[in-house]
Every structure is written in structure tokens, then in C-alpha cells.
Amino acid sequence: MKIQRVLVSQPKPAIFEKSPFYELSQKHNVEIVYHPFIRVVGVSLKEFRSQRIEILDHTAVIFTSRTTVDSFFHICEEARITVPETMKYICQTEAVALYLQKYIVYRKRKISFADGSFTSLIEQIIKHKDEKFLLALSEPHKPELPDALAKLKLAVDPVILARTVSADLDDVKLADFGMVALYSPSDIKALIEKFGTENLPPLAVFGDGALKTALDAGITVLANAPRPAAPSMVKAIDIYLDKIAEGEEVLPVQLSADTSNEDFIRSQQHKLAKKSRAKRTVTEK
């Protein structure tokens with residue numbers, strides 16, 4: 001079975017030749033079609049106020065996306081809140097940190113960033129453990145980060161600054177595609193809402209959250225990332241297309257338990273407790 005077209009639930013890149021999917025399209029002679037399944041919108045000032053969060057009660061903000069950066073400063077502008085220059089910002093990636101330049105003067109002393117991984121972000125936050133954090137989130141979001149910060153007993157207030165809604169999929173005809181690549185649980189939910197769970201093309205999904213959402217809905221997944229053999233979506237689809245071209249049977253993907261994040265959090269809890277005991281001993285002396 002030759003796959004001729006792959007639908008990717010991402011915005012179309014400005015220059016396709018520089019996209020990771022370009023080499024895939026050349027290697028397998030497939031057409032890549034981009035169409036977002038979701039869009040993220042900032043919450044209104046009324047929605048923000050209903051959460052009873054006071055921005056100026058915090059000394060640091062944790063950002064995991066550029067959308068929450070936009071929403072945070074839009075809320076501040078609408079509410080006529082002047083963010084103090086002493087406010088610190090901790091970002092999940094350098095790209096998000098650099099995006100802050102749209103609103104503030106970039107200074108390394110008050111902006112820090114992780115490498116995009118969960119563990120790296122936690123380590124950055126712990127470096128500033130004495131701050132009172134505002135955790136900017138989109139709805140829905142993965143519970144791992146707020147749960148981890150609660151376990152570490154840091155002063156953190158989660159706040160929803162953006163919401164994910166389904167995009168317009170009226171012009172999408174799934175029968176025209178040999179594979180669909182989805183990147184989030186919200187993508188899966190938008191797919192189900194519009195097309196149901198039956199007679200779908202082969203799916204490739206990114207992340208355990210998207211995989212679990214698909215499997216819980218009874219949808220078969222034939223390619224997924226990240227994993228050791230396929231760290232990216234492109235590589236996962238590449239492997240799938242190679243197997244199809246060679247006539248190999250592709251088995252459905254199963255969800256495997258990953259306890260690495262929990263192990264990491266336990267190690268950080270131990271370190272923080274040890275530092276706290278040492279601090280109390282010094283104070284008592």
C-alpha cells in the first residue's frame with residue numbers, strides 16, 4: 001500500500017524546504033499537507049479574575065509557551081497592572097525566553113530557561129526555590145508540572161491563561177490521506193469530535209498524552225514519538241513508511257509506563273529536604 005499524502009496537524013512552515021518534513025517527502029515521494037486541528041486563545045480578563053490570582057503577589061512567572069506569554073501581558077495591560085522590573089521569568093525553552101523581548105528588556109539576571117525537557121525545567125525552578133511562583137498554564141494541560149511543584153512544596157500558584165479550542169476542519173477530507181500526524185491530546189479530541197473513531201487513516205502521534213487519549217478512545221495508533229528509535233515525529237513516520245514499502249506488518253503501538261519523572265522528583269525532594277535540614281542546623285547553632 002503506497003501512501004501518497006500525509007496530513008500534519010501543524011501550521012504550514014514559512015519555508016517548506018527547511019522543514020523536517022521536507023526530506024521525508026523527498027525520500028518517500030509523499031505530499032505533506034499542513035492543517036492545525038486546534039488553536040490556542042488567551043482567556044478574558046473576566047476569566048482570569050474568576051481564578052482569584054493576584055499577579056503582584058508573585059516574584060517569578062513560569063512560562064511553557066509563547067501563547068501564555070502573550071496572554072499574561074495582555075491581562076496585565078487590560079487590568080492596568082505594572083509588572084515590576086524585579087519580576088523573574090523561568091521559561092521551558094530558549095525560544096519562549098527570547099519571545100519575552102516582545103514585552104520586556106531581556107536581561108539574563110531575571111530570565112532563565114530550560115532545554116525543553118521536564119527535568120531541566122524543574123532544575124531551573126529549584127534554582128529559584130525561594131521565589132513565589134505564578135505558573136502560567138493552558139487548558140487542557142499535562143498535570144505533571146503542577147503536581148511535581150506541589151510535591152516539592154514550592155510556593156506556586158497555577159493559573160489558566162489560555163484555552164485550546166478546535167480549529168475549523170470542515171475542508172478536511174480524511175479519505176484523501178494515507179496517514180495523519182497528531183501532536184497533542186487536544187488534536188486527538190478535535191479529530192474525534194469531527195470525524196469519530198471509526199474508519200480513520202493510520203495515525204502517528206507525538207507524546208504519551210496524545211497516545212493515551214487515542215488508545216482510551218479505542219483508536220489504533222501505528223507510529224509514535226518520542227522514543228529511542230524515533231525521537232521525532234518525522235523519524236516515526238519515516239520508519240512506518242519504510243516498513244510499508246518493504247511489505248512488513250506494522251503492529252499497533254502500546255502505551256508503556258514511564259517512571260523516570262517520578263524518580264527524578266523523588267531525588268529532588270530528597271535534596272531539598274537535606275538542604276532544609278542543614279539550614280535549620282546552622283540557624284540553631
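Guide: Let's start with a rule: a charge is said to sit over a ring if NZ of Lys or CZ of Arg is within 6 Å of the ring centre and within 35 degrees of the ring normal. Keep in mind that this is a predicted model.

Visitor: What makes Arg 66 a charge that sits over the ring of Tyr 99?

Guide: The charged end of Arg 66 is 5.7 Å from the centre of the Tyr 99 ring. Since the limit is 6 Å, that distance passes, and Arg 66 is counted as sitting over the ring.

Visitor: Let's stay with rings. How many aromatic pairs are there?

Guide: The count comes to nine.

Visitor: Why is the pair of Phe 16 and Tyr 34 called edge-to-face?

Guide: Check the two numbers. The ring centres are 6.2 Å apart, and the limit for a pair is 6.5 Å, so these rings pair. Their planes stand at 75°, and anything over 60 counts as edge-to-face, so that's the label.

Visitor: What makes Phe 16 and Tyr 34 a link between distant parts of the chain?

Guide: They are 18 residues apart. Phe 16 belongs to the loop between strand S1 (5–8) and helix H1 (20–28), while Tyr 34 is in strand S2.

Visitor: How do you know which of the two is buried and which is partly exposed?

Guide: The cut-off for buried is under 20% relative accessible area. Tyr 34 has 15%, so Tyr 34 is buried. Phe 16 has 22%, which means it misses that cut-off and is partly exposed.

Visitor: What makes Phe 72 and Phe 73 an edge-to-face pair?

Guide: Their centres lie 4.9 Å apart, and there is 90° between the planes. With over 60 degrees needed, 90° gives edge-to-face. Phe 72 and Phe 73 are both buried, too. They also join Phe 63, Tyr 89 and Tyr 103 in one aromatic cluster.

Visitor: On to the helices. Why are H1 and H9 called roughly parallel?

Guide: Two packed helices are described by the angle between their axes and the distance between the axes. Here the axes of H1 and helix H9 (residues 233–245) come within 9 Å and cross at roughly 10°. Angles under 35 degrees count as roughly parallel, and therefore H1 and H9 get that name.

Visitor: Which residues meet where H1 and H9 come together?

Guide: From H1 there are Pro 20, Phe 21, Leu 24, Lys 27 and His 28. Opposite them, H9 brings Met 233, Val 234, Ile 237, Asp 238, Leu 241 and Asp 242.

Visitor: What makes S2 and S11 edge strands?

Guide: Look at the order of the open, parallel sheet, which is S2-S1-S9-S10-S11. Strand S2 (31–34) and strand S11 (223–225) each pair on one side only. Neighbouring strands in this sheet are turned by 15° against each other on average, direction ignored.

Visitor: How do you know that S9 pairs with S10?

Guide: Two strands need at least two bridges to pair, and three bridges join strand S9 (residues 179–182) to strand S10 (residues 203–206), so they pair. S1 and S9 also have three bridges, in the parallel sense. Ala 181 is a handy landmark: it stands opposite Ala 204 in S10, and Val 8 stands opposite Ala 181 as well.

Visitor: Where do the side chains of S9 point?

Guide: In a regular strand the side chains alternate between the two faces of the sheet. In S9, Met 179 and Ala 181 point one way, Val 180 and Leu 182 point the other way, and all are buried.

Visitor: Why is Ser 138 called buried?

Guide: Its relative accessible area is 16%, which is under 20%, so Ser 138 is buried. It is in strand S7 (residues 133–139). Leaving out residues up to four places away in sequence, Ser 138 touches Val 40, Ser 65, Thr 68, Ile 160 and Ala 162.

Visitor: And why does Pro 158 count as partly exposed?

Guide: Pro 158 has 43% relative accessibility, and partly exposed lies between 20% and 50%, so the label fits. Pro 158 lies in strand S8 (residues 156–166). Its contacts, again without residues up to four places away, are Ile 53, Leu 135 and Leu 137.

Visitor: How much of the whole chain is made up of buried residues?

Guide: Buried residues make up 42% of the 285 residues. The chain has 10 helices and 11 strands.

Key:
Residues are numbered from 1 along each chain as its sequence is written. This is a predicted model: local features need pLDDT of at least 70, side-chain atom pairs count only at pLDDT 80 or more; totals for chains, interfaces and linings use all residues. Side-chain values use heavy atoms; hydrogens and water are left out. Helices (H or I, at least four residues) and strands (E, at least two) are DSSP runs, numbered from the N terminus. Axes are lines fitted to C-alpha atoms, for helices over the stretch in contact, and angles run from 0 to 180 degrees between N-to-C directions. Rings of Phe, Tyr and Trp (its six-membered ring) pair if their centres lie within 6.5 Å; planes under 30 degrees apart count as stacked, over 60 as edge-to-face and the rest as tilted. Buried means under 20% relative accessible area, exposed over 50%, partly exposed in between (1.4 Å probe, protein chains only). Angles under 35 degrees count as roughly parallel, over 145 as roughly antiparallel, 65 to 115 as roughly perpendicular and the rest as oblique. Contact means heavy atoms within 4.5 Å.
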